[in-house]
Amino acid sequence: VGEINRICNDIADLNSQIVAVERGDQENLTLRDEREQLLRELAEIVTFRTVEGSDGSVMVTLENGFGLVVGNSTNELEYALTPSFNPASPVGLDGSSLGYIVHNFGDNSTRADVDLTSVISVGGGELAGLLNLRGLQHTTDTSPFDATGELVSVAGYVEMLARDLLTRFNTAYLGP
């Protein structure tokens, strides 16, 4: 999440420079190449869409339209264990919260978080892969094993094997 914010801030800075130096039909290819390299780096982490404006700036949005970069400004993401929407989902397999990727539309004293975890997880890139490996919980989940994700699936199989082994051992030891 920190790397996404860093790259988006750099893209916003380059947008400002491009708008300032480009006039008419003259393009600054060096600045545009730098921005393209940053967009390639960002694409390795998260799926996004871009739209180039008539002024030469580029807008970067997530699949749901949430603007990461709009002109020369950014909407920074955060990893929050206790977001303001206060989900009632259970803890993860290790007993801690899985956490959410959010954007705070409020301030630090009055948070107004929007959950972007699911949007990011259905895309591509390193962050989506990590989220899908770790797992996602939904507010209707009643157990850590209700979450979706590769580690949750593996843990479910391990629990099933352990219960089966325990049952067989107890049956053999104690008798039917």
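Visitor: Hi! How many residues does the largest nonpolar core have, and which have the most contacts inside it?
Guide: In this predicted model, the largest nonpolar core has 27 residues. Those with the most contacts inside the core are I4, I11, L42, V46, L68, L77 and I120.

Visitor: Which elements each supply at least two residues of this core?
Guide: That would be α1, α2 (29-45), β2, β3 and α4 (126-134).

Visitor: And which gives the most?
Guide: α1 does, with seven residues.

Visitor: Which residues of α1 are buried, then?
Guide: I4, N5, I7, C8, I11, A12, L14, N15 and I18 are the buried ones. They pack against α2, β2, β3, β4 and α4.

Visitor: How far does α1 reach from its first C-alpha to its last?
Guide: With 20 residues, α1 reaches 29 Å, close to the 28 Å expected at 1.5 Å a residue.

Visitor: Back to I120 for a second. What does I120 touch?
Guide: Leaving aside residues up to four places away in sequence, I120 touches V46, L62, L77, I101, L127, A128 and L131.

Visitor: New topic, the sheet. What is the strand order, and is the sheet open?
Guide: The order is β1-β2-β3-β4 in an open sheet of four strands, with antiparallel pairing. At the edges are β1 (49-52) and β4 (73-74), each pairing on one side only.

Visitor: Where does α1 pack on that sheet?
Guide: Helix α1 (residues 2-21) touches β2, β3 and β4, and its direction makes about 25° with that of β3.

Visitor: How many bridges join β2 to β3?
Guide: Two bridges join β2 (residues 58-61) to β3 (residues 67-70), and these strands run antiparallel. V60 has V69 in β3 as its bridge partner.

Terms used
Residues are numbered from 1 along each chain as its sequence is written. This is a predicted model: local features need pLDDT of at least 70, side-chain atom pairs count only at pLDDT 80 or more; totals for chains, interfaces and linings use all residues. Side-chain values use heavy atoms; hydrogens and water are left out. Two strands pair if DSSP finds at least two bridges between them. Contact means heavy atoms within 4.5 Å. Axes are lines fitted to C-alpha atoms, for helices over the stretch in contact, and angles run from 0 to 180 degrees between N-to-C directions. A nonpolar core is a set of buried Ala, Val, Leu, Ile, Met, Phe, Trp, Tyr and Cys residues joined through side-chain atoms within 4.5 Å. Buried means under 20% relative accessible area, exposed over 50%, partly exposed in between (1.4 Å probe, protein chains only). The expected span of a helix is 1.5 Å times one less than its number of residues.
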